[in-house]
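Please examine the sequence and the model shown below. The paragraphs that follow proceed from one helix to the core and then to the loops.

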Amino acid sequence: MSTNQNLGHRIGQNVRMLRKEKKMTQEQLSEKSNLAINTVRNIEKGRWPSEHSMSAIADALGVEAKILLGAVNDEVYLREEVKTQLKTAVEKILENPSYTLGHVEYRRKE
């Protein structure tokens, strides 16, 4: 299996996993992403998606497109999640200096 086929399968697995986590059917993902149902099915089967399809699916699932390229729980994703949380915390504190880190709420992207 070539590298592109392996990556295509990884993307497909990640799309399927994220879709199921959000309790969405392929049909619902198709509607929300404005892609044909066959496009969603083919991606989940490992067919390499176009840039447009990747972006549309990522938006529909509420994640960044790069998350579809790697395992959702991998170190890169966690590092990005921590960076996002820290940036939000710093922005809140700068907006209102009386805030402390205890005042900043953790909000997971849905």
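In this predicted model, a suitable starting point is helix α4, which spans residues 51-61. Within α4, the residues S53, M54, A56, I57, A58, A60 and L61 are buried. After the helix comes G62, which has a positive phi, near 75°.

The role of α4 in the interior can now be considered. The largest nonpolar core contains 17 residues, and those touching the most other members are V15, L29, I57, L61, V63 and L68. At least two core residues are supplied by each of α1 (3-21), α3 (37-44), α4 and α5 (65-69). The largest share, six residues, is that of α4.

A polar residue also deserves attention. S33 belongs to helix α2, which covers residues 26-33. S33 counts as buried because its relative accessibility is 7%, and the limit for buried residues is under 20%. Apart from neighbours within four places in sequence, S33 contacts V40, A56, I57 and A60. A polar atom of the S33 side chain also lies 3.3 Å from the backbone oxygen of S30.

The loops offer a further point of interest. K23 is located in the loop between α1 and α2. Although K23 is not a glycine, its phi is positive, near 55°. K23 has a relative accessibility of 72% and therefore counts as exposed, the limit being over 50%. In the loop between α2 and α3 lies N34, a non-glycine residue with a positive phi of about 65°. N34 likewise counts as exposed, because its relative accessibility is 69%.

How values were computed. Residues are numbered from 1 along each chain as its sequence is written. This is a predicted model: local features need pLDDT of at least 70, side-chain atom pairs count only at pLDDT 80 or more; totals for chains, interfaces and linings use all residues. Side-chain values use heavy atoms; hydrogens and water are left out. Buried means under 20% relative accessible area, exposed over 50%, partly exposed in between (1.4 Å probe, protein chains only). Helices (H or I, at least four residues) and strands (E, at least two) are DSSP runs, numbered from the N terminus. A polar contact is a pair of N or O atoms within 3.5 Å; within protein, one must be able to donate a hydrogen and the other to accept it, and residues adjacent in sequence count only if both atoms are side-chain atoms. Contact means heavy atoms within 4.5 Å. A nonpolar core is a set of buried Ala, Val, Leu, Ile, Met, Phe, Trp, Tyr and Cys residues joined through side-chain atoms within 4.5 Å.
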